[in-house]
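Work through these exercises with the structure open beside you. Each task is followed by a stepwise solution.

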Amino acid sequence: MKKTLKIAVRDLVAHVLRSGDLSFEFLASTRPVDAIRIHQKIQQSRPENYSAEVTVSHLIETDLCQLTISGRVDGIYRDADGALIEEIKTTTRSLDDFEDRADPIHWGQVKAYAYMVALDQELSALDAQLTYYQVDTAEIRSFKKHFRLSELETFFQDLVDNYLQWATTVVNWEILRDESIARLEFPFGEYRPGQREMAIGVYRTIKHNGQQLIQAATGIGKTMAALFPAVKALGEDLTSKIFFLTARTTGRFAAEYALDELRSAGLKLKSLTITAKDKTCFNPESACSPEECEFARGHYDRVNGALNDIFDQQAFTRPAVEQTARDHRVCPFELALELSLWADCVICDYNYAFDPRVYLRRFFLEENGDYTFLIDEAHNLVDRSREMFSAAFHKQPLLDVRRALRHDQPHIFKSLGKINAWMVKARKKCDASGPTLHEKEPPEDLFPLLRGFLRITERWLARNFKTPYRDRLLDLFFATSGFIRVAEHYDDSYVTCFEKIKKDVKLKLFCIDPSIQLGSALKRSKAAVFFSATMSPMGYFKNILGCDENAAGLILPSPFPVENLKLFVYDRISTLYRQRASTKQQVAQAIASLIRQKTGNYLIFFPSYEYMMMVLNAFQTETPDGEVIVQAPGMGETEREEFLGRFGQENSRSLIGFAVMGGIFGEGIDLVGDRLCGAVVVGVGLPGISQENELIRDYFATHHNAGFEYAYQYPGINRVLQAAGRVIRTESDRGVVLLIDQRYGTHRYRSLLPAEWHPVKMHNEQQLTEALQKFWHR
């Protein structure tokens with residue numbers, strides 16, 4: 001069978017005809033919505049013989065493939081004399097610019113549509129009209145041309161011939177890829193316990209266009225168990241692209257490593273790792289404009305050359321993309337976005353699929369894409385999705401920018417003054433009711449002020465003047481634009497929060513229930529697999545992640561010998577907030593008892609930094625034989641690596657690391673073998689009481705009769721499971737875990753612990769000491 005390629009008219013024209021500089025219009029977040037409304041308004045103003053949103057398609061057969069070119073014409077006039085097609089564009093530019101210089105890509109789209117319509121309706125000629133709407137002035141101007149079928153055919157054939165040179169490269173690659181996938185066998189000879197079961201579940205989920213949640217314990221090899229069957233499904237044309245979505249750098253590295261292992265086993269597959277724009281930018285001090293950045297200047301003249309060059313490689317990693325971008329002097333981030341169209345697997349952060357402010361519109365603007373989502377460490381998506389669907393606006397940055405531009409930009413100054421006055425009223429509300437308050441309704445009277453600021457500011461930013469305040473104004477513009485974009489989704493799952501912070505005031509549109517928007521985002525894919533070592537209880541995650549009611553669940557126990565982990569529960573000590581001061585010495589003594597039985601490396605986890613420091617002071621009076629290191633607030637990457645680097649296998653004394661659950665050491669780290677022999681988890685991991693957590697509690701008490709569980713218990717127990725999971729990382733590891741809290745003695749909490757843990761209750765230090773000696777000396 002011939003390979004089938006599909007491309008939209010706009011993408012075909014852009015690929016072939018693009019040239020010149022890379023430049024960015026500073027469009028406010030409302031612009032896409034406004035553009036749709038403007039299109040509809042113009043279409044509705046047309047006469048009865050006008051048809052809007054007409055779908056067109058054209059099939060081209062070659063010896064190698066079938067190329068389907070499709071799109072939607074904004075409108076077609078039909079009468080006895082023939083037809084006129086119309087393409088509508090919204091712009092912030094002056095319409096005089098289009099009088100002086102016709103846009104080749106806009107007219108390219110029009111001519112491609114005109115040819116397809118003329119061919120379909122057997123017309124020898126027709127008229128075409130390009131209509132521009134200036135969004136700031138509401139001015140409309142139309143440019144009309146008459147085309148003969150013969151000249152349209154020549155243009156279209158040249159367009160297709162040019163594209164087919166690239167398409168041939170793509171098709172030849174896909175044939176090679178699919179042949180390698182058909183031959184591909186699992187790279188490690190045999191599966192680990194549970195790994196094959198997970199791989200089968202992933203494959204079936206993709207085949208049946210479904211959703212699945214998988215809790216797979218550490219050591220099963222989750223990344224390979226997800227990617228291998230997804231690649232197999234890709235080769236069988238069950239999906240067109242794999243998106244491996246992850247929240248951490250470690251997840252990205254794991255995916256890259258797994259794909260390299262598959263390539264070593266014979267796989268031919270192109271993968272792309274998308275790196276955030278601010279991390280990969282070559283000129284971070286310059287504006288994204290041809291005037292200031294050499295990589296933006298002439299970008300489109302060189303990008304196809306860069307694409308052809310890097311396409312010889314299979315792994316489009318950050319170093320590979322950046323090197324090619326330097327060689328061809330193009331923007332590395334834009335090159336990565338271009339490569340995403342042609343990569344078989346895209347490795348990226350959650351936000352490129354889910355965040356309404358930055359998701360990849362080239363793929364996800366419409367639902368029902370032929371894509372597979374593999375969502376790594378999916379327990380992290382709960383908090384991350386709340387962050388993505390929420391937005392905050394601060395008074396102080398606004399005031400700082402306003403002061404800086406007061407003499408140069410009177411219109412922007414005045415606009416910011418109106419917003420500031422609104423925020424002053426909000427601060428007075430906080431003064432009257434307390435430092436925090438919330439309202440169920442959105443701040444509707446603020447939104448017009450913010451939109452006004454965006455309209456005025458984007459005109460000035462587009463002129464690209466260098467001033468001392470430009471970067472701060474740009475940051476405020478993007479923050480405001482993102483705030484408005486989130487506001488467009490405000491519904492019953494949101495609440496408006498106010499918080500006074502010294503002289504500043506923070507306004508937040510807080511998304512309490514992310515399941516609604518996650519559910520919509522999941523419709524952008526045909527299949528989605530959520531996997532993590534901690535997804536307990538499964539029903540909670542199924543609800544909060546927006547899965548459909550038919551989503552399957554799979555729980556896979558640890559593949560390692562159960563006798564290698566000994567888990568003790570010390571449920572005679574209360575860690576409740578009001579009793580911490582009176583029990584801190586007991587906690588310290590229990591920790592010391594554990595450490596005295598074996599020289600080694602230990603991690604001690606606490607629910608908060610404050611509690612950790614309280615117990616640390618008590619622990620130091622116990623004088624255990626060992627060195628203590630402590631997680632500091634705001635640790636950077638270097639400090640984190642130094643902390644972990646202390647956990648060597650050759651330490652002559654015990655090393656005791658005090659850390660916070662849910663933090664940078666609570667998950668995503670691998671201390672294999674003797675690098676870690678034990679962990680203590682103090683408390684049940686409950687998040688601290690806060691305005692937002694209490695709002696979550698109230699909301700889910702009403703909607704699911706599970707307020708405390710959704711706000712505190714379930715997030716807390718997953719922190720516990722992640723912390724305890726640091727101990728056993730390979731089949732040869734041996735270690736101990738001690739859980740300290742009265743609540744572990746209750747069914748409510750014990751029922752959430754993995755079945756293979758077999759927790760043993762300890763009633764006193766002597767009993768713990770004897771049990772530890774027995775374990776370590778067997």
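**Exercise 1.** Is Glu99 buried, partly exposed or exposed, going by its relative accessibility?

Solution. The model is predicted, so read each value as computed from it.
- Step 1: The relative accessibility of Glu99 is 46%.
- Step 2: Buried means under 20% and exposed means over 50%.
- Step 3: Glu99 therefore counts as partly exposed.

**Exercise 2.** Find the salt-bridge partner of Glu99 and place both residues in the chain.

Solution.
- Step 1: The side chain of Glu99 meets that of Arg141 in a salt bridge, at 3.3 Å from N to O.
- Step 2: Glu99 sits in helix α3 (residues 96–100), while Arg141 sits in strand β6 (residues 140–148).
- Step 3: The two are 42 residues apart, so the pair links distant parts of the chain.
- Step 4: Arg141 has 18% relative accessibility and counts as buried.

**Exercise 3.** Which residues share a salt-bridge network with Lys3?

Solution.
- Step 1: Begin with the pair Lys3 and Glu174, whose side chains meet at 3.9 Å, N to O.
- Step 2: Lys3 lies in strand β1 (residues 3–8) and Glu174 in helix α5 (residues 149–183), 171 residues apart.
- Step 3: Both Lys3 and Glu174 are buried.
- Step 4: Through shared partners, salt bridges join Lys3, Glu174, Arg177, Asp178 and Asp344 into one network.
- Step 5: For context, the whole structure holds 31 salt bridges.

**Exercise 4.** Place strand β17 in its sheet and describe its cover.

Solution.
- Step 1: The open sheet has eight strands with parallel pairing, in the order β10-β9-β11-β8-β12-β17-β7-β18.
- Step 2: The edge strands are β10 (315–316) and β18 (552–556), each pairing on one side only.
- Step 3: Five bridges join β17 (residues 527–532) to β7 (residues 211–216). Five bridges also join β12 (residues 371–376) to β17.
- Step 4: Check the partners. Gln212 is bridged to Val529, Ile214 stands opposite Phe531, and Asp376 has Phe531 as its bridge partner.
- Step 5: Ala527, Val529 and Phe531 point one way from β17, and Ala528, Phe530 and Ser532 the other way.
- Step 6: Six of the six residues of β17 are buried, leaving the strand mostly covered.

**Exercise 5.** Contrast helix α12 with the site of Asp492: which is enclosed, and which is exposed?

Solution.
- Step 1: Nine of the nine residues of α12 (residues 332–340) are buried, so the helix is largely enclosed by the rest of the structure.
- Step 2: Asp492 is found in the loop between α19 (470–487) and β15 (494–501).
- Step 3: Asp492 has a relative accessible area of 64% and is exposed.
- Step 4: Together with Glu441, Glu444 and Asp445, Asp492 forms a negative surface patch.

Notes: Residues numbered from 1 in each chain as written. Predicted model: local features only at pLDDT ≥ 70, side-chain atom pairs only at ≥ 80, totals over all residues. Heavy atoms only, no water. Patch = residues over 30% accessible without salt bridge, like charges linked within 9 Å, V, L, I, M, F, W, Y side chains within 5 Å. Areas by Shrake-Rupley, 256 points an atom, 1.4 Å probe, with all protein chains shown as cover. Salt bridge = Lys/Arg side-chain N within 4 Å of Asp/Glu carboxyl O. Lys, Arg positive; Asp, Glu negative; His and termini not counted. Charge placed at Lys NZ, Arg CZ, Asp CG, Glu CD. Helix = DSSP H or I, 4+ residues; strand = E, 2+ residues; numbered from the N terminus. Buried < 20%, exposed > 50% of the residue type's maximum accessible area, 1.4 Å probe, protein only. Pairing = 2+ DSSP bridges.
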